[in-house]
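User: I am new to this structure and would like to go through the terms used for it. Please set each value against its cut-off.

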Amino acid sequence: MNLAKEYDEKAAALSINQFDPPRCFELAGKRFEFVIDTGEETGDAVLNFIDETTVEWSIRGGETLKADKYECRKADDWTYLVSYCISDKTPRENHTWVIDKEQMLVTFLRCSLGENPYYPYLIESHWGFGYIKEEGKPHTDLRRHGFSTDPIGTSVKWVYGHRLATVHIYHDPHWYRITYPKMPPGQKEDEKTFNEEMNEVLKILPSSDEPCYYVKIKDGMYFVSLTEQNMEKLLGDKVGFRSDTLCFLDNWHRMYSVGRGFGTITEDGVDREVFIMIGKYGVPEEVDEHFFTDPVPYRV
């Protein structure tokens with residue numbers, strides 16, 4: 001049996017979450033209390049991991065815990081990415097946490113639809129930074145995770161599966177750009193078609209620039225969050241992806257990353273909710289200089 005031939009199509013069908021690592025169950029049975037004292041989302045917060053799939057949570061000092069299904073992945077031995085969507089909430093909302101047990105720090109990202117009256121699919125991002133409470137031990141370290149310019153000047157090919165890769169260009173503290181790699185000779189035609197189609201879509205736009213946040217977690221680890229807002233404003237449902245937001249906990253020591261996707265896909269006029277976990281591997285990629293120097297056409 002040729003295993004590569006046997007499983008090629010099945011693996012490729014997983015698309016952007018083909019390399020998603022197994023779920024992490026290490027937090028099951030643990031309770032975390034956070035002090036979010038920096039950013040928009042300030043206040044006490046709680047994550048109480050009931051078991052391998054359910055977390056009780058509260059934010060901004062709320063006393064009532066709500067239960068939702070969560071996903072957890074690890075970026076290194078000490079750092080966890082936790083994400084869940086709030087059930088029965090309209091418009092939809094996603095919470096994503098970076099729990100850094102090495103430094104006893106935490107980052108909170110709240111993403112919500114429906115805040116912009118002109119673009120109901122548009123997703124906005126709200127941030128909070130703080131520390132993990134330890135019983136009987138005051139937290140005296142004033143440092144927090146925070147926004148960073150360290151990734152600026154970087155271009156990297158992120159590989160999500162054996163057929164899917166994108167090239168990210170981090171050229172500005174508030175924006176990123178994307179392109180799709182050129183296919184080598186002998187590549188399958190359906191792969192060529194996908195990349196060529198996506199590059200053609202990008203040509204329709206003034207640029208591929210989208211809003212992006214870069215957060216430093218520790219040496220060699222950054223939390224990068226981007227949202228396809230301009231594509232939504234200009235193309236709407238023409239490409240299917242509706243202001244999807246992607247966030248990645250990038251481990252540059254190992255050149256891999258774990259992340260989550262949240263948003264909407266519209267196909268034949270029908271909306272489908274998106275909430276997926278993602279794994280990817282990095283390969284340094286040279287790009288034309290203009291990717292770093294072209295002005296952002298969406299700002300004055």
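The turns below take up the chain as a whole, then its core, its cysteines and some single residues.

User: What kind of model is this, and how many helices and strands are in the chain?

Analyst: This is a predicted model. The chain has four helices and 17 strands.

User: Why is the chain called as compact as a globular protein of its length?

Analyst: The radius of gyration of the chain is 20 Å, and the globule rule gives 19 Å for 300 residues. The two values are close, so the chain counts as compact in that sense. Along the principal axes, the C-alpha atoms fill a box of roughly 60 × 60 × 40 Å. Of the 300 residues, 51% count as buried.

User: What makes up the largest nonpolar core, and which strands supply at least two residues of this core each?

Analyst: The core has 23 residues, and those that touch the most other members are Leu27, Phe34, Leu47, Phe49, Val82, Trp97 and Ile99. Strands S1 (31-39), S2 (43-49), S3, S4, S5 (79-85), S6 (93-100) and S7 (105-113) each supply at least two residues. Among the residues that Val82 touches are Leu27, Phe49, Trp97 and Ile99. In soluble globular proteins, nonpolar side chains tend to be buried together.

User: How do you know that Cys111 and Cys247 do not form a disulfide?

Analyst: A disulfide needs two cysteine sulfur atoms within 2.5 Å. The sulfur of Cys247 has its closest cysteine sulfur in Cys111, at 6.6 Å, so the pair is too far apart for a bond. A search of the whole structure finds zero disulfides.

User: Are these two cysteines buried or exposed, and why?

Analyst: Buried means under 20% relative accessible area. Cys111 has 0% relative accessibility and therefore counts as buried. Cys247 also stands at 0%, so it is buried too.

User: Why is Gln229 called buried, and what does its side chain contact?

Analyst: The relative accessible area of Gln229 is 12%, under the 20% cut-off, so Gln229 is buried. Gln229 is in helix H3 (residues 229-235). The side chains of Gln229 and Glu124 are joined by a polar contact of 3.5 Å. Leaving out residues up to four places away in sequence, Gln229 touches Leu122, Ile123, Glu124, Glu210, Pro211 and Ser243.

User: Where is Ile59, and what makes it buried?

Analyst: Ile59 is in the loop between strand S3 (54-58) and strand S4 (66-74). Its relative accessible area is 12%, under 20%, so Ile59 counts as buried. Residues that Ile59 touches include Glu41, His95, Trp97 and Phe108.

User: What is noted about phi in Met104 and Asp268, and which is buried and which exposed?

Analyst: Phi is near 55° in Met104, a positive value in a residue other than glycine. Phi of Asp268 is likewise positive, near 55°. Most residues other than glycine have a negative phi. Met104, in the loop between S6 and S7, has 17% relative accessibility, under 20%, so Met104 is buried. Asp268, in the loop between strand S16 (256-267) and strand S17 (270-284), has 83%, over the 50% cut-off, so Asp268 is exposed.

User: What is the peptide bond from Thr90 to Pro91 called?

Analyst: This bond is cis, with omega near -10°. Pro91 is in the loop between S5 and S6. Most peptide bonds are trans.

Methods: Residues are numbered from 1 along each chain as its sequence is written. This is a predicted model: local features need pLDDT of at least 70, side-chain atom pairs count only at pLDDT 80 or more; totals for chains, interfaces and linings use all residues. Side-chain values use heavy atoms; hydrogens and water are left out. Buried means under 20% relative accessible area, exposed over 50%, partly exposed in between (1.4 Å probe, protein chains only). A polar contact is a pair of N or O atoms within 3.5 Å; within protein, one must be able to donate a hydrogen and the other to accept it, and residues adjacent in sequence count only if both atoms are side-chain atoms. Contact means heavy atoms within 4.5 Å. The radius of gyration is taken over C-alpha atoms; the globule rule is 2.2 Å times the number of residues to the power 0.38. A nonpolar core is a set of buried Ala, Val, Leu, Ile, Met, Phe, Trp, Tyr and Cys residues joined through side-chain atoms within 4.5 Å.
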